[in-house]
Amino acid sequence: MGKNAGCFQGCLHYVFDYKTSKTLVIPNLGVGCFFRFSQLLIVLYVVGYVCMVQKAYQETDSAISSVATKVKGFAFTNTSDTDPRFWDVADYVIPSQGDNSFFVLTNMVITPLQTQSRCPEIPNPSTTCVDDCDCIEGYNDPRGNGIRTGLCENYSTTAQTCQVHSWCPLEIDTKLPEHALLAAAENFTVLIKNTITYPKFKFHRRNIRPHINSSYLRACEFNRATDPDCPIFRLKHIVSEAGEDFQDMAVKGGILGIIIDWSCDLDWWAGKCLPKYSFRRLDSKHPVNNVAPGYNFRFAKYYKNRDGRETRSLIKAYGIRFDVIVFGTAGKFGIVPTIVNMGAALSFLSLLPTVSDWFMLTFMRKRDLYSKWKVTYLDEDAVTEDGPEVSNWL
Ligand SMILES: *[C@@H]1O[C@H](CO)[C@@H](O)[C@H](O)[C@H]1NC(C)=O
């Protein structure tokens, strides 16, 4: 009975004793320094990193953008394989318009005068044959050039291959010129019109700045040092800023990124909001083992012969695809993020006494004394009305 009552009383004390904090001043330089130094660190972190670097007092929004491009330039080609030919933008930009990207033809394999007919396959281990038995009629190899007719035919005086139903003559794409056909493309220019919006802040901006007039636009060219505002770029300049050689890249093609960074601080005390251009090659320059390098695709132009037969010119086009990549985040002072981050900073500071107590009770020489004095159980019957005696022996 008595034992149970003691336990019951203990529980009552545990639940209902009111704990109030009492200030115990510890004149110890070590603990004091630790506390102040930690405080300083937290204040520096909040002011220096959270406010100045991260700008955590800002609300943010990401950009919505639109891009339009216009390439200009002419070329004239006159090689031994092809007739003299003049090229303008309708010939070398494929397709004529696209979203955020444009392709400039620089090199090609042309197979003219193809018609629907039969012809022998290009020789390789899977297409060579000895007689008709080696060629199964109707066999269709996706890596071949057509549907087999079941005949074995002379490809040349030394090779026999299976005959296929296809657009003949077949394309021989190993005849790619070693120097880009449209080498002149390096001097083409592109006008990039880019508009961005930060809907949350009702902020609109164009990369063509208000002070630019049309006569300036006719003559200017982007240059980071001398003319950073001009939205007209010379293709060679873009490629060389990406660390590549235009003529080198033009042979097998590639993909190049034109990156426009609109990250802005929209607070009135911050600077102007201007686009920052950078350029980077997006495909890999030297693929492993040099397998499948560059960028190419095929397209054809169809027409009817005088005798009414459908004929086409097949073009395997190599060139540089320019992708315009726009991104940006804008920040502006906002009361909600400010309060949230101030709260976080204050909670850091309020953690500090606990950490300092731990430091004091673990590392200080007089830690036993401190721990004895840290918690006082007020025995109301035993103390005098004058309060505790002041001890001088610390
Ligand atoms: C591009 O223009 C420069 C200067 O106008 C010229 O020297 C160069 O030969 C041109 N490039 C090609 C491939 O025509």
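**Figure 1. Pro169 and its cis peptide bond.** Pro169 sits in the loop between strand S7 (160-168) and strand S8 (189-198). The model shown here and in the following views is predicted. Cys168 and Pro169 are joined by a cis peptide bond. Its omega is about -5°.

**Figure 2. The cis peptide bond at Pro95.** Ile94 and Pro95 are also linked through a cis peptide bond, with omega about -10°. Pro95 belongs to the loop between helix H3 (89-92) and strand S5 (101-120).

**Figure 3. Positive phi at Leu113 and Lys202.** Leu113 is a residue other than glycine with a positive phi, near 55°. Leu113 is part of strand S5. The residue is exposed, at 55% relative accessibility. Lys202 has a positive phi as well, near 50°. Lys202 is placed in the loop between S8 and strand S9 (203-206). Its relative accessible area is 69%, so Lys202 counts as exposed.

**Figure 4. The annotated transmembrane regions.** An unreviewed UniProt entry assigns "transmembrane region" to residues 29-52 and 342-364. Residues 29-52 are 100% helix and 0% strand. The C-alpha atoms at the two ends of this stretch are 32 Å apart. Residues 342-364 are 96% helix and 0% strand. Here, too, the end C-alpha atoms are 32 Å apart.

**Figure 5. A nonpolar surface patch.** The patch consists of Val43, Tyr45, Val47, Tyr49, Met52, Val53, Phe348 and Leu351. Together these residues have about 780 Å² of accessible area. Helix H2 (29-53) and helix H7 (335-363) each contribute at least two residues. H2 gives the most, with six. Leu351 is a residue of helix H7.

**Figure 6. A positive surface patch.** Lys70, Lys72, Lys193 and Arg206 make up this patch. Lys70 is located in strand S2 (residues 64-72). Lys70 has a relative accessible area of 45% and is therefore partly exposed.

**Figure 7. Annotated binding-site residues.** The unreviewed UniProt entry lists Lys70, Val71, Lys72, Thr189, Asn296, Phe297, Arg298 and Lys316 under "binding site". These positions span 247 residues of sequence. They are spread in space as well, with up to 24.4 Å between C-alpha atoms. Val71 is in strand S2. At 6% relative accessibility, Val71 is buried, the cut-off being under 20%. Lys70, also on the list, is partly exposed at 45%.

**Figure 8. A salt-bridge network with two binding-site residues.** Glu171, Asp173, Arg298 and Lys316 are connected by a network of salt bridges. Arg298 and Lys316 also appear in the UniProt "binding site" list. Across the whole structure, 13 salt bridges are found.

**Figure 9. The Glu221–Arg234 salt bridge.** Side chains of opposite charge can pair when their charged atoms come close. Glu221 and Arg234 form a salt bridge, with 3.0 Å from N to O. The two residues link distant parts of the chain, 13 residues apart. Glu221 lies in the loop between helix H4 (214-219) and strand S10 (232-234), and Arg234 lies in strand S10. Glu221 is partly exposed, at 29% relative accessibility. Arg234 is partly exposed too, at 25%.

**Figure 10. The Arg224–Glu241 salt bridge.** Arg224 pairs with Glu241 through their side chains, at 2.6 Å from N to O. Arg224 is in the loop between H4 and S10, while Glu241 is in helix H5 (residues 235-241), so the salt bridge ties together parts 17 residues apart in sequence. Arg224 is partly exposed at 41% relative accessibility. Glu241 is also partly exposed, with a relative accessible area of 29%.

**Figure 11. The buried Arg281–Glu244 salt bridge.** The closest N and O atoms of Arg281 and Glu244 are 3.2 Å apart in this salt bridge. Arg281 comes from strand S13 (residues 276-281) and Glu244 from the loop between H5 and helix H6 (246-252), so parts 37 residues apart in sequence are tied together. Arg281 is buried, with a relative accessible area of 16%. Glu244 is buried as well, at 14% relative accessibility.

Technical notes:
Residues numbered from 1 in each chain as written. Predicted model: local features only at pLDDT ≥ 70, side-chain atom pairs only at ≥ 80, totals over all residues. Heavy atoms only, no water. UniProt positions renumbered as here; feature names shortened; annotations may be inferred. Helix = DSSP H or I, 4+ residues; strand = E, 2+ residues; numbered from the N terminus. Patch = residues over 30% accessible without salt bridge, like charges linked within 9 Å, V, L, I, M, F, W, Y side chains within 5 Å. Areas by Shrake-Rupley, 256 points an atom, 1.4 Å probe, with all protein chains shown as cover. Salt bridge = Lys/Arg side-chain N within 4 Å of Asp/Glu carboxyl O. Lys, Arg positive; Asp, Glu negative; His and termini not counted. Charge placed at Lys NZ, Arg CZ, Asp CG, Glu CD. Buried < 20%, exposed > 50% of the residue type's maximum accessible area, 1.4 Å probe, protein only.
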